[in-house]
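This report describes the packing and the charged pairs of one protein chain. The sequence and structure are shown first, and the discussion follows.

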Amino acid sequence: MSPDHPPGLDLDRLRVLLDRERPGLVTGPLSGRLIEGGRSNLTYAVSDGAARWVVRRPPLGHVLATAHDMRREHRVISALHPTDVPVPSPVLLCEDEEVLGAPFYVMEFVEGTPYRTAEQLAPLGPGRTRAAVLNLVDTLVGLHAVDPVEVGLADFGRPEGFLDRQLRRWAKQLDASRNRDLAGIDELHATLGRELPRSPAPTVVHGDYRLDNVLIGGEDDEIRAILDWEMSTLGDPLTDLGLLVMYSSPLGMPDSPVSTTAQAPGHPAPAELIERYAARSGRDVSTVAWYTAFAWFKLAVILEGIHYRYTLGQTVGRGFDRIGDLVPVFIEHGLTTLQEG
């Protein structure tokens with residue numbers, strides 16, 4: 001832990017707030033560090049030398065509050081914490097921007113590893129990797145089994161017309177990033193719109209459910225916490241399954257700057273993940289190809305947005321120069337998924 005104040009985290013003001021709102025929680029001087037790997041909101045590990053916590057806040061600078069809603073994230077983990085869904089224990093929500101310059105919340109620090117690539121999974125070996133990924137499916141089933149009304153999340157989203165709104169939202173995102181021809185992407189979007197499935201009963205949806213958004217730890221490689229709830233809502237649970245299937249599918253592109261975990265020895269095939277979800281949830285998954293194709297489309301749009309910002313010189317770092325080459329791959333996977341059903 002560095003004793004210095006990381007950008008966006010004023011430890012003195014944080015200590016004053018914690019002493020006032022949670023007296024006795026902090027027992028020594030605070031230190032903190034930025035946790036790398038966050039794609040949107042900033043995440044810090046904070047310690048008083050005896051205990052550790054995590055602080056989540058929006059990025060520095062001007063941001064849209066609706067895209068970095070700390071109250072929403074805090075609300076969903078607070079609602080789910082009493083259930084069997086593994087989430088960090090919430091400590092407090094602060095909406096006073098005078099403290100850190102933006103709303104933020106504090107939660108417990110959970111030990112565990114977010115496995116982002118097949119290379120990171122490889123040391124676990126085939127058996128442990130297989131068990132971890134299947135447990136990821138079972139944990140998703142558990143999340144989707146939570147009754148939103150019972151946990152106070154009845155008004156957490158607008159399930160009616162959910163898929164149609166999602167398609168329109170990502171089409172707008174695509175239009176905002178168009179600066180080159182992308183063969184097939186309009187066909188993919190149009191086909192998704194024509195074949196819109198009928199959604200099952202709504203559930204709490206994570207919105208970005210994949211292996212590197214959970215922490216795995218302990219002797220049994222259990223899922224100790226689901227992280228990054230910024231896209232959560234009430235909606236169609238099969239969107240979570242489609243995204244998980246997409247991230248469990250080989251890209252067929254060596255040294256890709258965006259990787260899936262599919263090539264790790266022991267990783268279950270997408271079909272097995274789908275079958276396990278269906279068996280344990282009791283849901284009809286006959287239209288899962290649509291949801292998987294939608295996930296390919298959504299990621300293609302996200303990647304095109306990153307590529308567009310890169311061409312404008314607004315994004316720097318390793319791998320961004322190759323993001324543009326990935327977009328046609330994701331489009332092709334989406335079209336193939338729909339064609340093969």
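## Salt bridges and nonpolar cores

Arg15 is partly exposed, its relative accessible area being 25%. The model is a predicted one, and in it the side chain of Arg15 forms a salt bridge with that of Asp19, with an N to O distance of 2.9 Å. Asp19 is likewise partly exposed, at 32% relative accessibility. Both residues belong to helix α1 (residues 11-21), and because they are four residues apart there, about one helical turn separates them.

The count of salt bridges comes to 20, and three of the pairs are set out below.

| Salt bridge | N to O distance |
|---|---|
| Arg15 and Asp19 | 2.9 Å |
| Asp186 and Arg178 | 2.5 Å |
| Asp208 and Arg210 | 2.3 Å |

In the pair formed by Asp186 and Arg178, Asp186 is partly exposed at 45% relative accessibility, and Arg178 is partly exposed at 36%. The partners Asp208 and Arg210 have a different setting: Asp208 has a relative accessible area of 17% and is therefore buried, the limit being under 20%, while Arg210 is buried with a relative accessible area of 5%. Salt bridges also link Arg56, Glu73, Asp228 and Glu230 in a network.

Asp208 takes part in a further interaction, since its backbone nitrogen is reached by the side chain of His206 at 3.0 Å. His206 lies in the loop that runs between β6 (203-205) and β7 (214-217), and with 0% relative accessibility it counts as buried. When neighbours within four places in sequence are left aside, the residues in contact with His206 include Leu143, Ile226, Trp229, Met231 and Asp240. Asp228, a member of the salt-bridge network, is also among the contacts of His206.

Trp229, another contact of His206, leads to the nonpolar interior, where it is one of the residues with the most contacts inside the largest nonpolar core, together with Leu192, Phe297 and Phe330. This core has 78 residues, and helix α10 (residues 288-311) gives the most to it, with 13 residues. Apart from this core lies another one of 19 residues, among them Leu18, Leu42, Cys94 and Val106. In soluble globular proteins, nonpolar side chains tend to be buried together.

Which residues does Leu192 contact, leaving aside its neighbours within four places in sequence? They are Leu167, Trp290, Ala293, Phe294, Phe297 and Leu338.

Methods
Residues numbered from 1 in each chain as written. Predicted model: local features only at pLDDT ≥ 70, side-chain atom pairs only at ≥ 80, totals over all residues. Heavy atoms only, no water. Core = buried A, V, L, I, M, F, W, Y, C linked by side-chain atoms within 4.5 Å. Buried < 20%, exposed > 50% of the residue type's maximum accessible area, 1.4 Å probe, protein only. Helix = DSSP H or I, 4+ residues; strand = E, 2+ residues; numbered from the N terminus. Contact = heavy atoms within 4.5 Å. Polar contact = N/O pair within 3.5 Å; in protein donor to acceptor, adjacent residues only side chain to side chain. Salt bridge = Lys/Arg side-chain N within 4 Å of Asp/Glu carboxyl O.
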